[in-house]
Amino acid sequence: MERFLVFVRKEFLHIFRDFRTLIILFLLPGALILLFGFVVSTDLKNATVSFLDLSNDEMTQKIADKICSSGFFRKGDNIRDFSEIDQALRANKVKAVVVFEKDFSRNIISKGKANVHIITDGSEPNMATMTTNYISAIITDFNNELAGSSAKGILLVQPEVRMFYNPALKSQHMFVPGVITLIMILVCALMTSITITREKELGTMEALLVSPLKPVQIILGKILPYFILSFIDVIIILLLSWLVFDLPVKGSLALLLAESMLYILMSLSIGILISTVSSTMQQAIFISLVGMMLPTVLLSGFIYPIENMPKIYDWISAVLPPRYFIVIVKNVMIKGTGFAYVWKETLILVFFTLLAIGISMRKFRIRLQ
Amino acid sequence: MRTILYLIRKEFLQIFRDKFIGKAIFAIPIVQMLVLVPAVTFEIKEVRICIVDKDLTTESRELESRIVGSTFFRVIYATFSEKEANDLLHRGRCDLVLQIPHGFGNDIGKGIPTGVMASANAINAMNAQLSWGYLSGVIQGYNMNILAREINSRTFTPVPQIGITTRFWYNELLNYNWYMLPGILGILVLAIGFILAGLNLVKEKESGTIEQMNVTPVRKYQFMIAKIAPFLVIGLVDLALGLAIGKLVFDIPFIGSLGLLFICSAVFMIAVLGLALFISTFSGTQQQYMFTAFFFMIIFILMSGIFTPLESMPDWAQKIDLVNPVVYIMRINRMVILKGSTFQDIRMEFLALVLIALTTTTLAVVRYRKTA
């Protein structure tokens, strides 16, 4: 036991000696949380809209003003000709062009009907849908004002909605669980796999293997310091989300921390697994970063909901542990549900941990070639 | 010049000596493109809804059948118990609960305004808003239907109407694959160059071979060019592979000029590789390099506008983004591939990339010391 502690101390010394990596380790979760909180958002804001106003009367100007004063849009240069639309969209100068037909208000008054055409840049589908919907809603609103209150009173069924768990519809509820999940798995897998392959590459692994330490002790000694550091990371993220975004842990904090420990342990085991299959640090880094970063971001339900993907991705993402941890964090942290709601996901994480450890044990060679 | 060619040859040999890396630099991007591109979409396929009908009249059934008939909704459960329905929402089995109160049909019959109550799981705010949008659309349709019946019995003056037509240019069907592929391609090229080039230099430091390099008459810039060139070639080959997949598998229209795309990507790669080498001059170990690089990379990517619109970011963040090379390549990729933008359209982005590339490579050459 004493021997083991000395070994752990050695590992800690390795980590503390590299001060910059340590700083980044603690800076990264903070930076990401703030980035998602204050910088990156999927809301529509300041999208540039231009108008091709073929009638240029009072009514079309009113509609244009209404669109631009909504806060979602910024007015771009006016367009005078149909051929200019393509130019403006192609040069990314505008996101949408609104075309008013000729004699717009005269048509409304005499025929009771006038047409407006919305052209958006479909190369960004999400943006295009949002701009189209918002502009249509604003024009419909204008239409209703025009029609007067007479039409409104007749709408018999007035639906009401309650937004559960997130009444203000903030995007933080989505990304805080995501950031914890992403950081933990990448950092843990990266760190453990590097630290073990490093010993292999530098040849110091031989020294360790001939020492009286058992292989299990070597591995445990390697992951224990990172386990502690990652746990501190989780606490930093939770504190930040509570203090900065006012998003506290609604359910049991103890349960969330215990689940995080399980997830960290699992990520570390994956790191060990990676280190057993790679012989150089470069390979280990390549697998843990290039191989794992994008699938974790895109397939775990972090940014893009799994339910929206084609059916087959339900199966593909089933082998990605982050998917389950995100569910756990969302349940415990945001919905405030108890263990009864997440036991299945917990079991799956335990299974992945055992699987990774099992395979590594079989593959871990105590002799070099 | 000959010196540089020899050095480049040496670098290539070193990269491909590692069989795993040699295969992985081409295999991983291909596999990830094939798997990831079709997965990513914000579009909602179906909304799982649970209906609590406490009224059970012709009117409430009519509303229900409208929901069942809509392609967006799948009614997974119908119950009388509000508690049971909320529990389903809690467990994540359904996305929406719709409650029709007792007396709903009666009120409609009398022409008294009445209400229905929906509850949504709003952890994913965007999804919740969209599903709610669909549901209000259905209810709106139901209202219009009643209205139409009313018109027959009452005299009614027609209301002025603005007809709205919409059109999505360049991607009429809003195919997400077309949108994501250029973006994911950009990230993969970035990741491979950034990780491998930097590690390569640091590894030489760690194993001490860099000192042998330093005592040769090779000039600093020659050394740097030799470190950049192989990864530039690999990055462009990856790009070509990715574009081929885009064309063959995802049927992406290539409207713009391929040459322009490759020139821009080459400048982008040089900018990224210069930065990678610059960071590696500060790093003593591969681990240290990796964490610094990872830090920059993830921030570059998240702020690049690949997942979220750039315009939604606050002004100060957009100013910081001026030095983020990923922003420009993301924009150029999408503009040239999907919209057929010409050099005239992307000249500002191109200029920015050239400036960044010049800066990072100069910094790398200046920072690199031949003396230990």
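In which sense, parallel or antiparallel, do strand β3 (residues 96–100) of chain A and strand β4 (residues 113–121) of chain A pair, and over how many bridges? Select both strands in this predicted model, and the pairing of β3(A) with β4(A) turns out to be antiparallel, with 5 bridges. Two residues of β3 help to fix the register: Val97(A) stands opposite Ile119(A) in β4(A), and Val99(A) stands opposite His117(A) in that strand. As a reminder for viewing side chains here, in a regular strand they alternate between the two faces of the sheet.

**Widening the selection to the sheet**

Next, keep β4(A) selected and add β5 of chain B, to which β4(A) is joined by 9 bridges, the two strands running parallel. A convenient residue to label is Asn115(A), whose bridge partner in β5(B) is Gly163(B). With the remaining strands added, the selection becomes an open sheet of 5 strands in the order β2(A)-β1(A)-β3(A)-β4(A)-β5(B), and its pairing is mixed. The edges are formed by β2 (73–75) of chain A and β5 of chain B, each of which has a single partner strand, so one side of each is left without a neighbour in the sheet. Looking along the sheet, one finds a twist that averages 30° from one strand to the next.

Now turn to the helices that lie across these strands. Helix α5 (residues 104–111) of chain A lies across β3 and β4 of chain A and runs at about 140° to β4(A). Helix α6 (residues 125–147) of chain A lies across β1 (47–53), β3 and β4 of chain A together with β5 of chain B, and its direction is at about 160° to β4(A).

**Crossing to the other chain**

Select strand β5 (residues 157–164) of chain A with β4(B), and a parallel pairing over 8 bridges appears; within it, Val157(A) has Thr114(B) as its bridge partner. Then show the whole contact between the chains, which takes 97 residues from chain B and 96 residues from chain A. On the side of chain B that touches chain A, the elements giving two or more residues include α2 (19–36), β4 (114–121), β5 (161–169) and α7 (176–207) of chain B. The largest share of that side, 13 residues, comes from α6(B). Coloured by class, the residues of this side of chain B divide into 58 nonpolar, 26 polar and 13 charged.

**A helix pair in chain A**

Move to helix α10 (residues 253–277) of chain A and helix α14 (residues 321–335) of chain A, which pack at an angle of about 170° with their axes 10 Å apart. An angle over 145 degrees counts as roughly antiparallel, and α10(A) and α14(A) are therefore roughly antiparallel to each other. To see where they meet, show Leu255(A), Leu256(A), Glu259(A), Tyr263(A) and Met266(A) in α10(A) against Pro321(A), Phe325(A), Ile328(A), Val332(A) and Met333(A) in α14(A). By class, this contact has 9 nonpolar, no polar and 1 charged residues.

**Colouring by confidence**

Finally, colour chain B by pLDDT: its mean is 86, and 97% of its residues reach 70 or more. Confidence in chain B is lowest in helix α6 (residues 125–153), at a mean of 78, and highest in helix α10 (residues 258–282), at 94. For the model, the scores are ipTM 0.83 and pTM 0.84.

Methods:
Residues numbered from 1 in each chain as written. Chains lettered and ligands numbered in written order. Predicted model: local features only at pLDDT ≥ 70, side-chain atom pairs only at ≥ 80, totals over all residues. pLDDT = per-residue confidence, 0-100. Helix = DSSP H or I, 4+ residues; strand = E, 2+ residues; numbered from the N terminus. Axes fitted to C-alpha atoms, helices over the stretch in contact; angles between N-to-C directions. Parallel < 35°, antiparallel > 145°, perpendicular 65-115°, else oblique. Contact = placed C-beta atoms within 7 Å. Nonpolar A, V, L, I, M, F, W, Y, C, P; charged D, E, K, R; others polar. Pairing = 2+ DSSP bridges.
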